[in-house]
Every structure is written in C-alpha cells, then in structure tokens.
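Trainee: I should like to go through this structure and ask, for each term applied to it, on what grounds the term is used.
Mentor: Please proceed; each answer will set a value against a definition.

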Amino acid sequence: MTFVSPRQFRRMALFLTGAFLTNSLSTPAQEQPAPPKTAVTQYKNIQVLKDIPADQIIPTMQFIGGALGVDCEFCHVQHAMDKDDKKEKQTARKMIEMELAINKSHFKNEIEVTCYTCHRGSPHPVGVPVLTVNAAKMPEHEHHVISAQESMPTADQILDKYLAAIGGTDALHKIKTRVQKGTVDTGGDQYPIEIYSEAPEKRVSLSHASFGESITAFNGQAGWLTTPRGVHPMNPSEQQSARIDAQIYFPARVRELYQEFKVLPGESIDGHATLLVSATGANTPPMRMFFDQQTGLLIRLIRYTETPLGRTPLEVDYADYRDTGGLKVPYQWTLTRTNGSFTIRISSVQQNVPIDEKLFVMPAIPETPHP
C-alpha cells in the first residue's frame, strides 16, 4: 500500500473536496437513502456526537479545524485518532457539549452559536475587545456603492444577462460532453488533471499527484472518491455537491433549482464591480453568486456545507473565460476552503467528443470502511 503522509493527505483532502468545480453550481437535496450508521457504531471512542451519521464525523472535524485554524494533530494523536492522550481533545469534547447546550436552551436547537463564534480562526478565543486603533487595521471587503441614480436590476435580469454572456440556451444545450485537461496548483506543487463531463449530470475528475492518483466521480446516481487509501462512497452531502458540479446546463437551470433570489450590492473582486445574487431553495443551504456588472459573467460563488456544528464555507473564483465552441468557459478557477486553496488551470477543452462510459462505473466499495 502506498504511504501517504499527513501533510500529503491534507492536500489530497483539500483537492478532493472541490476538484469538480468549474462553471456550474447548486441543486436541492435528493431523496435520502436508508438511515446511515451512527458515529458511535463505526468509530472508536466516540464520547460526544454519538448519534450523528458516521459520514458526518470527518466534515464535522474539518469544520472544527477551520474554526480554530488547526490541523487534526492539534487534538488527535497521529495514526491513533481514538486515543485520549491530548488535553485538547478533552477540552474539545467539553466545548462541543457547551455549544449543543447553548443552542438547545436558547435557540430552539438551531445552529446559531458555533466554534467560530468565539474562536474566529484561532485556537484561543479572544475575550477582550480589540482596541480601536487595531480594529481600524483589520481588512474589510470593498463594496461597490449603488448610487441613488442607479437602479438595482432584478435577479431575473442578472441571470438572463449571465445566460446570454456565456452563449445562450441554444448553444449551451448543444454540448453533450466536455473533456478538460490542465494542471492543479496547490501552492508549490503542480500536477496534471483531466475532467470528463457528460450531460446532464455525469462528471469524473482524475488528478495525478506525486502521492498517487485521485478520482472524484458522480455518475448521475452515486458518487465516490478514490485515493491511494482506497475507495470512499460519498455521503448525501457530498453527493449533493457532486451533483451540483456535474450540471453542464447550470446557467440555464438555476431558476429551476432555487426558489428565492435576492439582489444585493456585491464586492469589488480583482477590480471588477459585482452584483450579488443570493439564492435559497428547499432543504439546501443558501448560495451567493457574484456577477461582473460589465460582462454579466459569474466570477465568484460561495456556498456552504452543513455539519452538526455549523456551516463550512466554500468559495470559488472563476477567471480566464474563453470562447469555446460558441460558449464562454472559465479556463481557471480557484477554490478556497478554511484549510487552504488550490487553482485549476485548463490548457485544452474538447466538446462533444466520445467518453468511455467505464469512467462512470462505480468501483466496488469495501464493506468495512477505514475507522
């Protein structure tokens, strides 16, 4: 078996959690399968969060890591996650119990108070207010101010402009398959990637890093991740994201997938004034789309993954749109999570070419997952 160091695994996890993302974005949750195993039945030494689905343990740990700005080894013993040798692990359990109790007692069990409420990306929460002189130095987002003379466009107008900017409905629906090849830049390391897409919602990405080949796939019914450590079937939240990213026709379908839209002034992104469209749908977290006011193209998207302790944000910045077969396609996108970011740069795009259907066949999944 190939050995993967903790640092390599963190890079691999960061990449796999968002390798699909290009120019398509969110769909309501699908019908849920039978109730999954609980955390306490699948993992060793679970003292809190016993009854959450087992496949929510890792996303929840990632949320805690992002909220405190730490890695797994801050609380856990490397290669022996079940051990209680570290004081930080005992403290984390108490903090989880405190958060759950506060939300139950004061917020009707809604997730309002989270780890990030106090920690703000630091292992040690700040209990003293920041002095004004220091607060003034804290970075703030630059917003485009809409003057009284300017009229705020409606969501339909913004989304119509977006659809027209990428080429229109007819040109979009002429695309049945797409093959993209390029490189992944994780901030020092670069390696090849291929992305195979088939309408309406099949997608497979293959990356070839130094620590081994990794695959992220969704075939319209099921999703899976393959790494040097083995095959991991996607949980419902991961499948929802994979289905989102596999939608070739997203620009034409966004109003089918979401029910409510709100328009707000957007941020200035790389010198581009934007308009923000916030979208909400049934049983799915909100999505924020930032459109270039001049071109109408989508240049930033922020969406969220639900965990038992709070929402984990995902930001994608799109750039280098090029005319490809009558469509504007981004040849670069940067994905940022709480644990880092990576950039995919595409060097070639082929559309309406044959794709081997074997790529969309889910491999056999081991009956006993790794603890």
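The dialogue below takes up the fold, the cores, the strands, the salt bridges and the cysteines in turn.

Trainee: What are the ground rules for the numbering and the model?
Mentor: Residues are numbered from 1 along each chain as its sequence is written. This is a predicted model, in which local features need pLDDT of at least 70 and side-chain atom pairs count only at pLDDT 80 or more, while totals for chains, interfaces and linings use all residues; side-chain values use heavy atoms, with hydrogens and water left out.

Trainee: How many helices and strands does the protein have, and what makes a segment one or the other?
Mentor: There are 10 helices and 13 strands. Helices are DSSP runs of H or I with at least four residues, strands are runs of E with at least two, and both are numbered from the N terminus.

Trainee: What share of the residues is buried, and what does the word require?
Mentor: Of the 371 residues in the protein, 45% are buried. Buried means under 20% relative accessible area, exposed means over 50%, and partly exposed lies in between (1.4 Å probe, protein chains only).

Trainee: What share of the contacts joins residues at least 24 apart?
Mentor: Taking contacts between residues at least 6 apart in sequence, 53% join residues at least 24 apart. Contact means heavy atoms within 4.5 Å.

Trainee: What makes a group of residues a nonpolar core, and which residues touch the most other members of the largest one?
Mentor: A nonpolar core is a set of buried Ala, Val, Leu, Ile, Met, Phe, Trp, Tyr and Cys residues joined through side-chain atoms within 4.5 Å. The largest such core has 46 residues, and M287, M289, F291 and L298 touch the most other members. Helix α7 (residues 155–166) gives the most to this core, with 7 residues. Another core lies apart from it, with 16 residues that include L49, I57, A67 and V70.

Trainee: With which residues is M289 in contact?
Mentor: Setting aside neighbours within four places in sequence, the contacts of M289 include L159, F250, V254, L298 and R300.

Trainee: How do you know that strand β3 pairs with β2 and with β4?
Mentor: Two strands pair if DSSP finds at least two bridges between them. Strand β2 (residues 190–198) and β3 have 6 bridges in the antiparallel sense, and β3 and strand β4 (residues 212–218) have 7, also antiparallel; both pairs therefore satisfy the definition. Y196 has V204 in β3 as its bridge partner, and S205 has T216 in β4. A hairpin joins β2 to β3 through 3 residues, while the hairpin of β3 and β4 has 2 residues between the strands.

Trainee: Why is strand β3 described as mostly covered?
Mentor: In strand β3 (residues 202–209), 6 of the 8 residues are buried.

Trainee: Why is the pair D185 and R345 called a salt bridge?
Mentor: A salt bridge is a side-chain nitrogen of Lys or Arg within 4 Å of a carboxyl oxygen of Asp or Glu. The closest N and O atoms of D185 and R345 are 3.5 Å apart, so the pair qualifies. D185 is in strand β1 (residues 177–185) and R345 in strand β13 (residues 340–351), 160 residues apart. D185 counts as buried because its relative accessibility is 19%, whereas R345, at 35%, counts as partly exposed.

Trainee: How many salt bridges does the structure hold, and which residues share partners in a network?
Mentor: The structure holds 15 salt bridges. The side chains of E267 and R300 meet in one at 3.2 Å, N to O, and both residues are buried. R322 and D320 meet in another at 2.8 Å; R322 is partly exposed at 37% relative accessible area, as is D320 at 35%. Salt bridges that share partners join E267, R300, E315 and D317 into one network.

Trainee: How many disulfides are found, and why is C75 not bonded to C72?
Mentor: The search of the whole structure finds 0 disulfides. A disulfide is a pair of cysteine sulfur atoms within 2.5 Å. The sulfur of C75 is 9.3 Å from the closest cysteine sulfur, in C72, and is therefore too far for a bond. The sulfur of C115 is likewise too far, at 9.2 Å from the closest cysteine sulfur, in C118. C75 is buried at 14% relative accessible area, and C115 is buried at 13%.
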